[in-house]
Amino acid sequence: MAPRARALPATAQLLSTPVGRFGTKAARRAPAAAPAAAPATEPVATPIVKWVGGKTRLLSELLARMPARFERYYEPFAGGAALFFRMAPQRAVLGDDNADLVNLYRTVGLKVDDVIRRLAVHRRLHNEGHYYEMRARWNDANVSWTHVDRAAAFVYLNKTCFNGLWRVNRAGHFNVPMGRYEDPPICAVDSLRAAATVLQRAELRHGHYREAVADARAGDFLYFDPPYDPVTVTANFTGYTAGAFGSDDQRELAELARHLVARGCKVMLSNSDTPFVRSLYKGFRVDRVRCGRAINSNAAKRGDVDEVIIMGER
Ligand SMILES: C[S@@+](CC[C@H](N)C(=O)[O-])C[C@H]1O[C@@H](n2cnc3c(N)ncnc32)[C@H](O)[C@@H]1O
């Protein structure tokens with residue numbers, strides 16, 4: 001992929017006002033101006049796995065609200081890590097409690113060519129038989145994996161499964177059927193290489209978000225994108241790992257965000273626009289945004305869902 005200038009979304013370009021306080025209109029500035037962002041000549045990286053709750057569609061709204069300057073960037077609910085890849089920060093901590101996802105990012109950062117070679121094999125072998133064989137191996141506790149094989153299997157299953165929906169059941173088993181795609185992007189070489197460049201600059205942490213941000217200091221910028229507070233009782237998709245993220249977790253996260261702000265960190269969070277979420281973030285700036293989220297398995301019911309972007313700074 002030829003290096004190209006880091007083009008910013010229109011909203012971010014328009015809001016390039018000189019430095020002001022984060023959380024006020026004057027402070028809305030594109031991250032390209034921040035010293036923490038990538039050189040403009042670097043290929044633009046994008047997520048390497050499809051992820052429920054992925055933030056690609058909300059990127060321009062997030063970028064427009066980024067602080068102008070910060071030290072380290074933290075994203076402790078990484079998932080597809082759309083904002084991390086788009087910003088390509090110079091110093092970052094990326095975390096998730098999904099061990100396979102963290103292994104994937106670590107391995108792509110360290111051994112991208114090996115992952116690409118394995119994916120080329122999956123691409124050649126791809127058919128229904130290969131998919132279900134890989135899915136069975138993936139869930140078989142008796143199979144031992146190298147980091148590279150596990151990372152490549154993750155990308156392969158993610159790119160070929162139904163709807164790109166990475167979902168595990170309570171036992172932690174990946175149980176999604178094969179999707180029907182003409183030519184799924186199993187081995188996207190340029191995209192993997194661009195991601196590897198950004199991942200090499202990040203510290204990867206597997207585990208609870210609380211531990212991932214424990215060493216954040218004044219001047220650091222943290223973006224939290226937790227599993228969302230459910231809009232309806234049946235809408236709570238939290239199947240990224242075998243655990244769940246309930247109201248107590250939402251409360252604990254809001255409390256942590258307050259501590260971080262008091263410590264001098266700059267904090268941004270996204271969540272669904274519910275009275276509960278608003279009640280948790282009193283005193284923060286809360287902006288409602290609309291985003292076409294597609295988490296409903298019934299296509300007819302997939303529509304725009306109101307979300308909030310929450311910001312805090314001392
Ligand atoms: C909404 S997704 C993040 C989406 C991401 N921003 C993107 O662009 O794709 C939430 C992520 O949080 C992770 N997660 C859930 N509970 C967690 C916890 N307690 N600590 C750390 N990560 C957690 C899930 O594995 C999932 O990847």
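Here is a short conversation about how helix 4 packs against helix 6 and helix 7 in this predicted model.

Author: Local features here need pLDDT of at least 70, side-chain atom pairs count only at pLDDT 80 or more, and totals for chains, interfaces and linings use all residues. Residues are numbered from 1 along each chain as its sequence is written.

Reader: What makes helix 4 and helix 6 roughly perpendicular to each other?

Author: Their axes, lines fitted to C-alpha atoms over the stretch in contact, with angles from 0 to 180 degrees between N-to-C directions, cross at roughly 80° and come within 7 Å. Angles of 65 to 115 degrees count as roughly perpendicular, and helix 4 and helix 6 are therefore described that way.

Reader: Which kinds of residues make up the contact of helix 4 with helix 6?

Author: They divide into 10 nonpolar, 4 polar and 6 charged. Ala, Val, Leu, Ile, Met, Phe, Trp, Tyr, Cys and Pro count as nonpolar, Asp, Glu, Lys and Arg as charged, and the others, Gly among them, as polar.

Reader: And how is the crossing of helix 4 and helix 7 described?

Author: The crossing is left-handed, meaning that the near helix is turned anticlockwise from the far one by less than a right angle. The axes of helix 4 (residues 99-125) and helix 7 (residues 189-199) come within 8 Å and cross at roughly 145°.

Reader: What makes a residue of helix 7 such as Ala195 count as buried?

Author: A residue is buried if 20 or more other C-beta atoms, placed from the backbone, lie within 10 Å of its own. Ala194, Ala195, Ala196, Val198 and Leu199 are buried in helix 7.

Terms used
Helix = DSSP H or I, 4+ residues; strand = E, 2+ residues; numbered from the N terminus. Buried ≥ 20, exposed ≤ 12 C-beta atoms within 10 Å, placed from the backbone. Parallel < 35°, antiparallel > 145°, perpendicular 65-115°, else oblique.
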